Amino acid sequence: MAKYQIIGQNGSHIIDVTGRLEWALLQLAEAGPRGCTPIHNPAPRWSGYVHVLRGQGVDIETITERHRGPFPGNHARYVLHSVILCVEDADAA
């Protein structure tokens, strides 16, 4: 489990995340302003990860985009607006 400092427009706080939640948080941070989509960053429950992270105070924007192809429709692009800093990795201690 790792601790991350979340810095956003509502201040700063620490969260503990592990597993897929940590993966999603790091994917969002790495993607920067281009954000992540389930199409380019496949994962089974992006909307669920984003929901939980938002509940922990992480500022994530959802942008709805159209896509074409054999199965046209909509998909979400998730963009991280908080700054995240790794504070501690409990597994390393």
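## Core, rings and charges: worked exercises

Asp16 counts as partly exposed, at 36% relative accessibility (buried is under 20% relative accessible area, exposed over 50%, partly exposed in between, with a 1.4 Å probe and protein chains only). Bear in mind that this is a predicted model: local features need pLDDT of at least 70, side-chain atom pairs count only at pLDDT 80 or more, and totals for chains, interfaces and linings use all residues. Residues are numbered from 1 along each chain as its sequence is written, and side-chain values use heavy atoms, with hydrogens and water left out.

**Exercise 1. Find the salt bridge partner of Asp16 and say where the two residues sit.**

Step 1: Get the rule straight: a salt bridge is a side-chain nitrogen of Lys or Arg within 4 Å of a carboxyl oxygen of Asp or Glu.

Step 2: Look around Asp16, and you land on Lys3, with 3.2 Å from N to O.

Step 3: Place the pair: Asp16 is in strand β2 and Lys3 in strand β1, 13 residues apart (strands are DSSP runs of E, at least two residues; helices are runs of H or I, at least four; both are numbered from the N terminus).

Step 4: Check the cover on Lys3: with 28% relative accessibility, Lys3 is partly exposed.

**Exercise 2. How many salt bridges does the whole structure hold, and what does Glu65 pair with?**

Step 1: Searching the whole structure gives 2 salt bridges.

Step 2: Glu65 pairs with Arg77, and their closest N and O atoms are 2.6 Å apart.

Step 3: This pair also links distant parts of the chain, with Glu65 in strand β3 (residues 60-67) and Arg77 in strand β4, 12 residues apart.

**Exercise 3. Work out how Trp46 pairs with other aromatic rings.**

Step 1: Here's the rule: rings of Phe, Tyr and Trp (its six-membered ring) pair if their centres lie within 6.5 Å; planes under 30 degrees apart are stacked, over 60 edge-to-face, and the rest tilted.

Step 2: Count them up, and you get 3 aromatic pairs.

Step 3: Take Trp23 and Trp46: the centres are 5.4 Å apart and the planes at 50°, so this pair is tilted. Trp23 belongs to helix α1 and Trp46 to helix α2, so the pair ties together parts 23 residues apart in sequence.

Step 4: Now try Trp46 with Tyr78, a stacked pair at 5.9 Å centre to centre and 20° between the planes. Tyr78 is in strand β4, 32 residues from Trp46.

Step 5: Compare the cover: Trp46 is buried at 2%, Tyr78 is buried at 6%, and Trp23 is partly exposed at 26%.

Step 6: Put the rings together: Trp23, Trp46, Tyr49 and Tyr78 make one aromatic cluster.

**Exercise 4. Trace the largest nonpolar core and see what touches Ile60.**

Step 1: A nonpolar core is a set of buried Ala, Val, Leu, Ile, Met, Phe, Trp, Tyr and Cys residues joined through side-chain atoms within 4.5 Å.

Step 2: The largest one has 21 residues, and those with the most contacts inside it are Leu25, Leu28, Trp46, Leu53, Val58 and Ile60. Elements giving two or more residues to this core are β1 (2-8), β2 (11-17), α1 (19-31), α2 (46-55) and β4 (73-80).

Step 3: Leaving aside neighbours within four places in sequence, Ile60 contacts (heavy atoms within 4.5 Å) Leu28, Val50, Leu53, Arg54, Tyr78, Val79 and Leu80.

Step 4: Turn to α2, whose buried residues are Trp46, Gly48, Tyr49, Val50 and Leu53. They pack against β2, α1, β3 and β4.
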